2 protein chains.
Amino acid sequence: MRIGIVAPSCRIDDAIHDRVTALAARDHAGVELVWHPQCWLSHGHFAGPDAARAAALIEVANDPAIDAVWFARGGYGAVRIVDRVMDALGPAARDKSYLGYSDGGTLLGALYAAGIGRVAHGPMPADIRRDGGETAVGRALDWLGGGTAGVEPTDDGHPRAAFNICILAHLAGTRHLPDLAGHVLMIEEVGEYLYRTDRDLAQIAASLPGLAGIRLGRLSDVPENDPDFGMDGPTLVRDWCARSGIPFLGLADIGHDAANRIVPFGPFTATPQFAALAPTG
Amino acid sequence: MRIGIVAPSCRIDDAIHDRVTALAARDHAGVELVWHPQCWLSHGHFAGPDAARAAALIEVANDPAIDAVWFARGGYGAVRIVDRVMDALGPAARDKSYLGYSDGGTLLGALYAAGIGRVAHGPMPADIRRDGGETAVGRALDWLGGGTAGVEPTDDGHPRAAFNICILAHLAGTRHLPDLAGHVLMIEEVGEYLYRTDRDLAQIAASLPGLAGIRLGRLSDVPENDPDFGMDGPTLVRDWCARSGIPFLGLADIGHDAANRIVPFGPFTATPQFAALAPTG
């Protein structure tokens, strides 16, 4: 199982590479990590100029010898390359898994909207820096290797998708917003004032008709509002669900933390994501 | 000229009322200010609960004895009431001017999308607190009284509209985003990291086909990015214009400051906004 690692947003450092490489070698014998040199580029806020970040992702996605694409880290930058990436994906990009979250959700959403690949929201190499980061990255490596132990376990009988709230809101009105009618949408956020999350939720509720329901992951590191906002995060989510006729289904085990479980987009299944590894019938 | 003042977002204090009332009495004899008591309500972050803020705006907009609606202040809150307000506006709401900016842009956009009233982006009562605030509020009072001296002066030969960047981005994908095909769009921002503004610009460029051009107002109080973002604000705007085939037309004299000029939505005209005051031919 060859996993290509690229950084569509911000750059990584050697410690991330070294620790994740060691973890994979120790516990995940079937997984070979292929770190694209673009991960180390630096260009202002970004892991290299737009052209370099796009080219690396396109190269890895279109490589038939790569089984999965793993986004190294979030931050910001995917919006700046998503158009050119999506316009350049070839046949080999379809037969591949894509794993990441946070800013990477822009690309996951675009891939899912285009029906390309097997898309999943879950831990990235940079999560190794968190308390308990080895657990998070190990969960991702297991999934990339064909396992399902790290998959978010709630099954409401509908296909699922998961996003960072701010990232999903910014897909509204663009060609990269997937049609999530009939889906359970799982959402999480980090470091945002509640008034910002509220504004994003309004846009999400207005832009995604026909949701089967919403599940709420963690809203972490919420800055204090002055004055007190008057509602907590779960109340906001329930409120927008009620206003929009979207069933609120409870919690989801996702967030910007080491516990962040994996949400493969589409039907819930306990079978591995690589169909070739799990012949049915 | 009776001007109804409501607060769709955050509350005002007595000083704002007192100073604006005194300014109007001193310099704008033809203008009568009607301050709705809702402006002083307090409910967490907001100038009263959603129901109270919506009811006050609906009451004033639907009152045939009121000539114009002036939003008292921005902040956050318009998104929470825009649906119920727009669904409740009657015939008297159409024959009226609406003035505000920042968070109020949510309502200006929705009104313009629905073809209701004469909508303008410009100073609000709370601007009296700025350095030079009397100039800003005097400019608004003059316009509300029928003058045009405070109108943003650039005429590119197209209808115009103006928005805060974050607020406009959040209209994407909702029924309240106006069709701005053929318009010159003027945009401004305050207090946002450049990566956030960049993300908003991407969404705006993708969501508004057929713009005649973009003019850039002030991007003020931009927090420092770590590391340096690598591009400045004007470069970002030019970049998204170039990518999207939108002509970049230069600067606009708008922003979160006392110099903020008035941009009536629609065709540029040097005549007063009240047709009855400016018989032509």
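Here is a short walk through this structure, from its two chains down to a helix and a loop. It is a predicted model, in which local features need pLDDT of at least 70, side-chain atom pairs count only at pLDDT 80 or more, and totals for chains, interfaces and linings use all residues. Residues are numbered from 1 along each chain as its sequence is written.

Let us start with the pair. A turn of 180 degrees, with a shift of 0.0 Å along the axis, lays chain B on chain A with an RMSD of 0.0 Å (superposed by least squares on the C-alpha atoms of residues with pLDDT of at least 70 in both). The two copies are thus related as by a two-fold rotation axis. In chain B, the residue that comes closest to this axis is B:Gly173, with its C-alpha at 2.1 Å.

Now look at helix α1 of chain A, residues 14-27; helices here are DSSP runs (H or I, at least four residues), strands likewise (E, at least two), numbered from the N terminus. Within α1(A), A:Ile16, A:Val20, A:Leu23 and A:Ala24 are buried, meaning under 20% relative accessible area, while exposed means over 50% and partly exposed in between (1.4 Å probe, protein chains only). These four cover an arc of only 100 degrees around the axis, which puts them on the same side of α1(A); the arc is that of the directions from the helix axis to the C-beta atoms. A:Ala25 and A:Arg26, on the other side, are exposed.

Finally, visit B:Asp63, in the loop between α2 (50-61) and β3 (68-71) of chain B. B:Asp63 is partly exposed, at 27% relative accessible area. B:Ala93 lies 30 residues from B:Asp63 in sequence, yet their C-alpha atoms are 7.4 Å apart.

Note on methods:
Chains are lettered from A and ligands numbered from 1 in the order in which they are written. Side-chain values use heavy atoms; hydrogens and water are left out. The expected span of a helix is 1.5 Å times one less than its number of residues.
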